[in-house]
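Student: I would like a close look at one part of this protein, and then at how that part fits with the rest. Please take it slowly.

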Amino acid sequence: MANVTVIGAQWGDEGKGKIVDWLSERADVVARFQGGHNAGHTLVVGEKVYKLSLLPSGIVRGTLSVIGNGVVLDPWHFRDEVAKLKGQGVEITPENLQIAETCPLILPFHRDLDGLREDASGAGKIGTTRRGIGPAYEDKVGRRAIRVCDLAHLDDLDLQIDRLTAHHDALRAGFNEAPIDRAQLMADLTEIAAFILPFVKPVWLTLNKAKSEGKRILFEGAQGTLLDIDHGTYPFVTSSNTVAGTAASGTGLGPNGAGFVLGIVKAYTTRVGSGPFPTEQENDVGQRLGERGHEFGTVTGRKRRCGWFDAVLVRQSVAVSGVTGIALTKLDVLDGFEELKICVGYKIGDQSFDYLPAHAQDQAKAEPIYESIAGWSETTAGARSWADLPAQAIKYIRRIEELIGCPVTLVSTSPERDDTILVRDPFAD
């Protein structure tokens, strides 16, 4: 049986939480491999709604869940999220949740720096979640990060803190902020270490053992391919690689472990924060999509920008992530539209493009070339088989498949986990 890697194929917020929850009941292990608590995965299970940012979605089902080394971990947020889920009746112990020893820590001064930079950037704001994700990744590649395994060796941290303060105190001085309080930092780390350390394991060993035993591993991505630090709409991107290949480097399992790559895609397009968005509809259409789709960020609460489906961008995501099949979500939001539009190319000046050029100014100037398709008046909400779908909705899905060069594997027709049409079983490949 194949492993499955789930990634967002747009700008995040595609409905990965529901799909991962739907798949996790059949998985033996669920692993997060990048990002941090800037993710926002909403799960609806019966009458309960779970909102996760850092913890793998499998934890709600009691599936063994691991946080891989590619994740940056805010230990205080981790403690709060564990407490919140326990309050909702979810059992979380070191038996069903593991944290990689080599995860870099998000520390209080990372959050400070994130906010200070955004506030100072004016019109050049990236639109970060201000949770310290980017600065923590910077310290990782700058080889000055404090990692989870360091919590077991606090007496040996002086040299590492020297490296951190040499870098951050200079930055803080530029914002007229006081230097890092080393004593307070050590006190904070000492206080949180006892809570974190029981969960700490060599996750790469856990996953390789599971693989050798033929267990099903579900890799859960965060954000979306168009926010990838290399392949996204730079600089309006996240600070990690969000493509499927990161499942290998972010967990230590190796590149042959990714299995079936399932790209999650909304039946239209949304984006939170700044950056180019060629098919954005700043009109009644965008307003209608946002209201019907309840488009507000799980983490930030910010209103999402909404627009028509962009087949060009999804085709790019399919290519760079090696997507095997698509899970199409929120089809029901399009119910009742007389006409739907799909972006099939761009015009920039006198030139036509079948891809989005890399430069930010070109991206900002890209004008969509649309193909129109008739909508449907019937409802798709709650549909669980092809027979439940209007003929025109099926036509819309088939056209998307043609344009992105990838088959649809699942169709989601409401937030409820069982309102899902299974076309092809990812775990059976």
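Student: Is D74 buried or exposed?

Tutor: The model is a predicted one. In it, D74 is buried, because its relative accessible area is 2% and the cut-off for buried is under 20%.

D74 has a charged partner. R111 forms a salt bridge with D74, and their closest N and O atoms are 2.9 Å apart. This pair links distant parts of the chain: R111 belongs to helix α3 (residues 108–120), while D74 lies in the loop between β5 (64–67) and α2 (75–87), 37 residues apart. R111 has a relative accessibility of 30%, so R111 counts as partly exposed. The bridge therefore joins a buried residue, D74, to a partly exposed one, R111.

The strand before that loop, β5, can be followed into a sheet. Strand β2 (residues 29–32) runs parallel to β5, and four bridges join the two. One position to look at is V29, whose bridge partner in β5 is L64. Both strands belong to an open sheet of 10 strands with mixed pairing, in the order β7-β6-β5-β2-β8-β1-β9-β13-β17-β18. At the edges stand β7 (200–201) and β18 (420–422); each has a single partner strand, so one side of each is left without a neighbour in the sheet.

Now back to the charged side chains. The count of salt bridges comes to 22, and the pair of R111 and D74 is one of them. Another is formed by R304 and E295, with the closest N and O atoms 2.6 Å apart. Here both R304 and E295 are buried. These two residues also take part in a network of salt bridges that links D13, K266, E295, R304 and K330.

A further salt bridge is made by the side chains of E371 and R399, at 2.6 Å from N to O. E371 is in strand β16 (residues 367–374) and R399 in helix α12 (residues 391–404), so this pair links distant parts of the chain, 28 residues apart. E371 counts as partly exposed because its relative accessibility is 25%. R399, at 24% relative accessibility, counts as partly exposed too.

Aromatic rings give another kind of pair. A search of the whole structure finds seven aromatic pairs. One of them joins W308 and F337: the ring centres are 5.8 Å apart and the planes stand at 70°, so the pair is edge-to-face. W308 is in the loop between β11 (305–307) and β12 (309–310), and F337 is in the loop between β13 (325–329) and β14 (339–348); the pair links distant parts of the chain, 29 residues apart. W308 counts as buried because its relative accessibility is 6%. F337 is buried as well, with a relative accessible area of 4%.

F353 and Y355 also form an edge-to-face pair, with 5.6 Å from centre to centre and 85° between the planes. Their exposure can be read in the usual way: F353 counts as buried at 15% relative accessibility, whereas Y355 is partly exposed, with a relative accessible area of 41%. Elsewhere, F78, F195 and F199 form one aromatic cluster.

Charges and rings also meet in this model. The charged end of R216 sits over the ring of F427, 5.5 Å from the ring centre. In the same manner, the charged end of R398 sits over the ring of W386, 4.8 Å from its centre.

Last, the whole chain. The protein has 12 helices and 18 strands. Its C-alpha trace spans about 65 × 50 × 40 Å along the principal axes. For 429 residues, a compact globule would have a radius of gyration near 22 Å, and the protein has 22 Å, which agrees. Of the 429 residues, buried ones make up 55%, and D74, where we began, is among the buried residues. Among contacts with a separation of 6 or more, residues 24 or more positions apart account for 76%. The bridge between R111 and D74, 37 residues apart, is one link between distant parts of the chain.

Definitions and conventions: Residues are numbered from 1 along each chain as its sequence is written. This is a predicted model: local features need pLDDT of at least 70, side-chain atom pairs count only at pLDDT 80 or more; totals for chains, interfaces and linings use all residues. Side-chain values use heavy atoms; hydrogens and water are left out. A salt bridge is a side-chain nitrogen of Lys or Arg within 4 Å of a carboxyl oxygen of Asp or Glu. Buried means under 20% relative accessible area, exposed over 50%, partly exposed in between (1.4 Å probe, protein chains only). Rings of Phe, Tyr and Trp (its six-membered ring) pair if their centres lie within 6.5 Å; planes under 30 degrees apart count as stacked, over 60 as edge-to-face and the rest as tilted. A charge sits over a ring if NZ of Lys or CZ of Arg is within 6 Å of the ring centre and within 35 degrees of the ring normal. Two strands pair if DSSP finds at least two bridges between them. The radius of gyration is taken over C-alpha atoms; the globule rule is 2.2 Å times the number of residues to the power 0.38. Contact means heavy atoms within 4.5 Å.
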